[in-house]
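Please explain this structure to someone who has not seen it before, taking one strand and one loop residue as examples.

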Amino acid sequence: MNNVVELNLAQNRFPGIQETGMWRLCQLKQLDLSFNYMEGRLTMPSECNRYGLERLILNDNKLSGEIPTSLERLTALRALYLDYNMLTGPIPGSLGNLTGLTELVLSGNQLTGLMPTSLGNLMALRRLDLSENLLNGRIPFSIGRLLNLEILYLSLNSLSSIPFSIGNLSELQFLDLSSNLLQGSLPDSIGQLSKLQFLDISNNSLSGVVTEAHFANTSNLIHLAATSNQFLNFKISPNWKPPFQIRNVMLGSCKIESEFPPWIRTQTNLVILILSNTSIYGPLPDWLHQLPVIPILDLSHNSLNGPLTNLPSNQTTKPTEPLGTFVERLADYASVSRLLLLKNNDFNGSIPDLLCNTTDLVILDLSRNMLSGNLPDCFGNLSELMVMILSSNRLSGIIPSSIGKLGSSIQWLHLNNNSFHGELPETLSNCTSLDVLDLGENRFSGSIPKWIGERIKFLVVLRLHNNNFTGPIPEELCQNSDFQIMDFGENNLTGTIPRCFRNLRGMTGGDFNLYFFGGFEQSLIQTLIDPWIYAGNDELCGSPLPKSCGRNEVAVTEPENVEKDDLEEIWIYAISSGFTTGFIGFLGILVLMKRWRLAFFNFVEVYICKKKGSLNWRKRRHAKPRAPIHVDIHLLPTYLPTTQRHVDVLTIRRLPPNL
């Protein structure tokens with residue numbers, strides 16, 4: 001054993017470094033103890049191997065404490081991996097004495113303080129990864145001395161500025177500065193990084209102007225991400241011809257403030273193009289139609305107008321070139337194969353059939369535009385479609401029977417706030433994996449189909465609000481016990497509310513936390529004793545409605561674990577938590593939302609009657625007063641139309657009864 005030069009003990013269960021006895025191996029040059037989950041402080045090698053150890057790999061353990069300054073004694077060290085431990089304290093400046101280092105990886109710890117300027121002494125360094133720590137302050141100017149550096153990952157810290165000297169890193173290929181507190185301008189010296197492939201400055205507070213000078217010599221650039229820098233303004237000359245053929249462009253929530261960027265015309269290898277919320281305007285240019293289909297295209301939240309006929313539609317694809325060794329930073333961008341987001345623009349005209357040519361489309365969101373006409377019959381060919389959101393347009397006609405071809409792939413279907421009419425096609429029952437079916441605010445007619453309960457077993461949200469449905473509410477809906485939101489209001493329904501509704505555990509307070517992705521027209525959280533989910537159906541009867549169906553009526557009751565006093569406490573909590581903000585937000589709700597206003601005064605009436613000792617109001621209705629809608633008051637203003645037109649992630653919290 002004394003002559004061992006390289007030893008790999010990764011993925012074992014050694015409790016600590018000392019227990020391995022490795023420091024007694026004086027000839028050892030490479031040691032890998034990663035993924036052992038060793039605890040305790042980092043201890044130093046013995047005197048016999050301090051001059052020979054070249055690679056020390058201790059990542060993915062539970063080592064704690066500070067990085068010892070005595071590491072500088074490992075003068076032969078070429079690679080040091082301490083990532084994903086529990087190390088704290090500052091990065092010791094003494095690491096700058098390890099001038100032979102080519103790889104220094106300290107990511108995924110809790111390191112604090114400034115980046116030491118002595119890192120600029122590591123002239124042989126090729127990879128520096130300090131991401132996912134608590135570092136702050138400026139990136140030191142001395143970083144520009146690392147002329148052999150190929151990879152620089154500093155993301156997920158609290159760093160504040162980028163030095164101009166970063167343009168000296170002539171070998172740099174990957175630069176990730178995302179999710180920091182970077183302010184000021186982006187140095188145009190970045191444009192001198194001729195080998196740069198990956199640039200991510202997203203989720204910062206950068207400002208100033210980005211011009212073509214920032215990309216002057218970046219002929220190898222394949223990934224550009226600058227999302228969520230709301231003060232960063234891209235002012236690119238309309239005649240500029242980029243030196244690169246880029247694959248990923250992600251500029252969401254930056255400022256472009258122009259028509260569709262002309263330089264995109266030259267980019268024929270695009271895989272991701274995200275220009276959402278960039279203040280671009282006008283119609284889609286004619287030349288865009290000639291580009292190959294862009295798998296992930298997000299142009300939402302802009303002022304684009306005109307028809308959709310100029311969307312990229314060229315089906316010819318080129319073989320993608322390999323991205324080199326370091327592909328981990330690109331892994332997240334390949335998880336969705338096809339995505340088209342055009343919501344919240346001013347697009348008009350009909351939905352073109354060319355959208356059906358992208359048969360592997362996964363998410364389609366055309367909501368909040370002015371699109372008209374019928375649904376294309378060819379939508380049934382989108383065999384991999386999981387989410388279709390077409391709400392808040394001017395679409396009309398019937399739902400084509402071909403929609404059933406979507407089968408078990410479709411999970412979210414939003415057609416609300418349009419002018420669709422007719423009965424629901426029975427082929428829709430083939431969409432057995434639907435989680436959300438929102439058909440509200442249309443002119444659908446006929447009876448509510450029984451197959452919604454019989455065939456679609458995973459449905460969580462069913463909105464049929466403000467249509468022309470007739471007949472009874474089918475008891476077959478009770479076959480799906482996972483319902484959490486149902487809305488039948490403003491229809492022409494008749495008969496008795498099904499007694500079996502009391503068995504729907506998702507609608508009777510069983511789950512306290514509900515999380516939904518994407519664009520409901522208005523946020524709803526309802527229990528079965530909320531009469532507003534049935535309101536506007538004059539011939540509907542039974543609890544919780546005031547209209548009785550007769551002696552044999554069985555009330556839909558409140559959950560047993562919710563007492564009357566608990567309901568009052570929930571309301572008190574909602575109003576008192578953050579009084580000023582909550583009260584103003586509450587008044588805004590009453591002014592803007594008729595349904596909430598009526599519900600509130602309904603509650604006040606019941607409360608006053610209770611205090612006066614008059615229970616006749618309840619007896620006349622053969623039911624207990626409805627439970628108030630359990631919503632944290634501070635969440636409500638975030639999805640009112642006057643405050644925020646769109647909610648990407650909607651969190652609705654149902655308060656526990658013991659609050």
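Two strands are said to pair if DSSP finds at least two bridges between them. The model discussed here is predicted. By that rule, strand β29 (residues 394-397) pairs with β31, since two bridges join these strands, which run parallel. At this pairing S396 stands opposite S419 in β31.

Strand β31 is also joined by two bridges to strand β33, residues 443-447, and these two run parallel. Here G422 of β31 is placed opposite F444 in β33.

The side chains within β31 can be considered next. In a regular strand the side chains alternate between the two faces of the sheet. Strand β31, which covers residues 419-422, shows such an alternation. F420 and G422 point to one face and are buried, while S419 and H421 point to the other and are not buried. The residue opposite S396, namely S419, is therefore on the face that is not buried, and G422, opposite F444, is on the buried one.

The second example lies in a loop. Q267 is found between β19 (248-250) and β20 (272-274). Is Q267 buried or exposed? Its relative accessible area is 1%, and because buried means under 20%, Q267 counts as buried.

The side chain of Q267 has polar partners. It reaches the backbone oxygen of F244 at 3.2 Å, and it makes a polar contact with the side chain of T266 at 2.8 Å. Leaving aside neighbours within four places in sequence, Q267 is in contact with P242, F244, Q245, I246 and L291. F244 thus appears both in this list and as the residue whose backbone oxygen the Q267 side chain reaches.

Methods:
Residues numbered from 1 in each chain as written. Predicted model: local features only at pLDDT ≥ 70, side-chain atom pairs only at ≥ 80, totals over all residues. Heavy atoms only, no water. Buried < 20%, exposed > 50% of the residue type's maximum accessible area, 1.4 Å probe, protein only. Helix = DSSP H or I, 4+ residues; strand = E, 2+ residues; numbered from the N terminus. Polar contact = N/O pair within 3.5 Å; in protein donor to acceptor, adjacent residues only side chain to side chain. Contact = heavy atoms within 4.5 Å.
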